[in-house]
Amino acid sequence: MHRRCCFFVALCGATQKSALKTEAGCDRRFENSLLRDLLTQNLICFDFMMDTEADVFYRELPKVELHAHLNGSVSFETIEKLIGRKPHLNIEHGMTAIGKGQRRTLDECFQVFKVIHQLVDTEEDILMVATDVIKEFAADGVKYLELRSTPREEKSTGLTKKRYIETVIKAIQQCKNEGVDIDVRFLVAIDRRNGTEVAVETVKLAKEFMRSSDGLVVGIDLSGDPTVGHGKDLLPALQMAKNCGLKLSLHLSEIQSQLEESDLLLDLPPDRIGHGTFLHPEMGGSPSVFDKVVKNNIPLELCLTSNVKGQTVPSYSKHHFKYWYQLGHPSVICTDDKGVFCTDLSQEYQLAASTFGLSREAVWELSQQAIDCIFAPDAVKAAAQTEVD
Ligand SMILES: [Zn+2]
């Protein structure tokens with residue numbers, strides 16, 4: 001529990017840890033100093049802190065998370081531990097998260113990731129980060145999780161790309177051995193700014209781990225700053241990945257100027273699309289890209305808070321979830337970077353429901369449909385469906 005929450009318990013004499021929103025995003029923690037002041041002055045009562053019945057519904061809803069970047073998912077608590085390990089970096093919380101009501105440009109968002117990368121540069125850090133992230137998703141009611149991350153090497157700490165992937169796999173296995181109630185798979189990410197050669201090298205590594213990880217490595221993610229690099233340079237690597245049986249989840253059309261690239265990459269076709277903000281004709285997409293997405297029935301991974309805080313979408317109500325969902329196209333609610341954007345999957349479902357007027361049955365169906373979009377083999381899909389039924 002975060003120490004401020006401990007303070008609340010002591011202050012109010014509460015004994016029920018569950019009554020506190022300890023799993024909530026750091027937005028609420030940013031508001032805690034104000035709340036503390038109000039509490040000490042008896043201006044509000046403790047019941048204000050209780051989970052509402054709606055919160056409980058979304059938290060207990062069995063969920064599938066398909067778009068979660070490892071480093072962007074690092075929680076407030078884990079960042080605190082990392083800062084403690086590396087005080088010489090002089091990194092503060094405000095540099096690693098974007099709080100409630102705050103907006104950043106995409107470029108500023110990518111600067112936040114650079115700060116987190118400084119904090120996560122050893123095998124020990126990766127193991128702690130991955131283990132914490134997996135347990136946090138499990139505590140949020142996520143039953144199946146696909147994590148993604150770009151393998152990095154750090155000469156100063158002896159970290160290699162291979163050890164990076166091995167360490168994430170170790171974290172997944174450790175959680176499994178501890179009986180954490182979540183099935184976790186891994187997508188090896190290609191950072192688009194690094195060009196053809198690195199992309200091919202990444203796919204080769206992923207292929208090796210697909211064969212040796214007992215099914216834990218299932219695919220490739222294409223991500224990174226959308227304003228840098230071009231998909232045509234990455235096409236050979238992505239085609240190679242597809243040919244060897246790795247599934248493809250590609251960040252497509254995050255910004256408006258990527259239409260030509262999306263048109264090209266959709267010919268692969270990818271197995272899932274990350275964001276796809278500007279694919280729909282009403283968002284400036286062309287009939288060609290729209291047809292390719294629809295004809296191939298390619299699921300979209302949609303991350304509401306990430307897009308609003310990253311300012312690629314002006315508001316929740318204008319999020320492209322609306323168009324695709326109304327079309328009956330497979331749309332999966334995801335977090336993207338729950339740590340950086342101060343959210344969790346329960347909150348994202350709740351936001352989608354309140355913004356677009358979804359009934360609880362519709363929310364249930366939405367979360368169940370996400371199972372069809374997972375990259376793990378059909379047997380895992382069938383087992384997950386049986387568990388939810
Ligand atoms: Zn993403």
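Here is a walk through this structure, from the overall layout to the sheet, the helices that cover it and one loop residue.

Keep in mind from the start that this is a predicted model. The chain has 389 residues, and buried residues account for 43% of them. Its secondary structure comes to 17 helices and eight strands. If you look at contacts between residues at least 6 apart in sequence, 76% of them join residues at least 24 apart.

Let's begin with the sheet. It is open, it holds eight strands in the order 1-2-3-4-5-6-7-8, and the pairing is parallel. Strand 1 and strand 8 (331-333) sit at the edges, each pairing on one side only. From one strand to the next, the twist averages 25°.

Now work inward from the strand 1 edge. Strand 1 (residues 63-69) pairs with strand 2 in the parallel sense, over five bridges. To find the register on screen, look for V64, which stands opposite Y144 in strand 2. Strand 2 covers residues 142-149, and seven of its eight residues are buried, so the rest of the structure largely encloses this strand.

On to the next pairing: strand 2 is joined by six bridges to strand 3 (residues 183-191), and the two run parallel. Two pairs help you line them up. L145 has V184 as its bridge partner in strand 3, and E146 stands opposite R185 in strand 3. Helix 7 (residues 123-139) packs on the sheet here, touching strand 1, strand 2 and strand 3, and its direction makes about 150° with that of strand 2. The route from strand 2 to strand 3 involves another helix: together with helix 8 (residues 161-177), these strands make a right-handed β-α-β unit.

Strand 3 also pairs with strand 4, again in parallel, through six bridges. One matched pair is I190 and L222, with L222 on the strand 4 side. To get from strand 3 to strand 4 the chain passes through helix 9, and this β-α-β crossover is right-handed. How many residues of strand 4 are buried? Seven of the seven are, so strand 4 is largely enclosed by the rest of the structure.

L222 gives you a handy way to continue, since it also stands opposite L250 in strand 5. Strand 4 and strand 5 run parallel and are joined by four bridges. Helix 10 sits between them in the chain path, and strand 4, helix 10 and strand 5 make a right-handed β-α-β unit. Helix 10 lies across strand 3, strand 4 (217-223) and strand 5 (247-252), running at about 165° to strand 4.

How do helix 9 and helix 10 sit against each other? The axes of helix 9 (residues 195-212) and helix 10 (residues 231-243) come within 8 Å and cross at roughly 10°. The two helices are therefore roughly parallel to each other. On the helix 9 side, the contact is made by G195, T196, A199, V200, V203 and A206. Helix 10 contributes D233, L234, P236, A237, M240 and A241.

A206 turns up again when you look at the nonpolar core. In soluble globular proteins, nonpolar side chains tend to be buried together. Here the largest nonpolar core has 89 residues, and I134, V168, A206 and I220 touch the most other members. Which residues does V168 contact, leaving aside its neighbours within four places in sequence? They are L70, I126, A130, S149 and F186.

Finally, have a look at R192, which is placed in the loop between strand 3 and helix 9. Is R192 buried or exposed? It has 24 C-beta neighbours inside 10 Å, and the cut-off for buried is 20 or more, so R192 counts as buried. Leaving aside its neighbours within four places in sequence, R192 is in contact with L222, S223, G224, V228, G229 and L234. Two of these names have come up already: L222 stands opposite I190 in the pairing of strand 3 with strand 4, and L234 belongs to the helix 10 side of the contact with helix 9. R192 and D221 are 29 residues apart in sequence, while their C-alpha atoms are 9.9 Å apart in space.

Key. Residues numbered from 1 in each chain as written. Predicted model: local features only at pLDDT ≥ 70, side-chain atom pairs only at ≥ 80, totals over all residues. Buried ≥ 20, exposed ≤ 12 C-beta atoms within 10 Å, placed from the backbone. Pairing = 2+ DSSP bridges. Right-handed = clockwise from strand over helix to strand, strands pointing away. Core = buried A, V, L, I, M, F, W, Y, C linked by C-beta atoms within 7 Å. Contact = placed C-beta atoms within 7 Å. Axes fitted to C-alpha atoms, helices over the stretch in contact; angles between N-to-C directions. Parallel < 35°, antiparallel > 145°, perpendicular 65-115°, else oblique.
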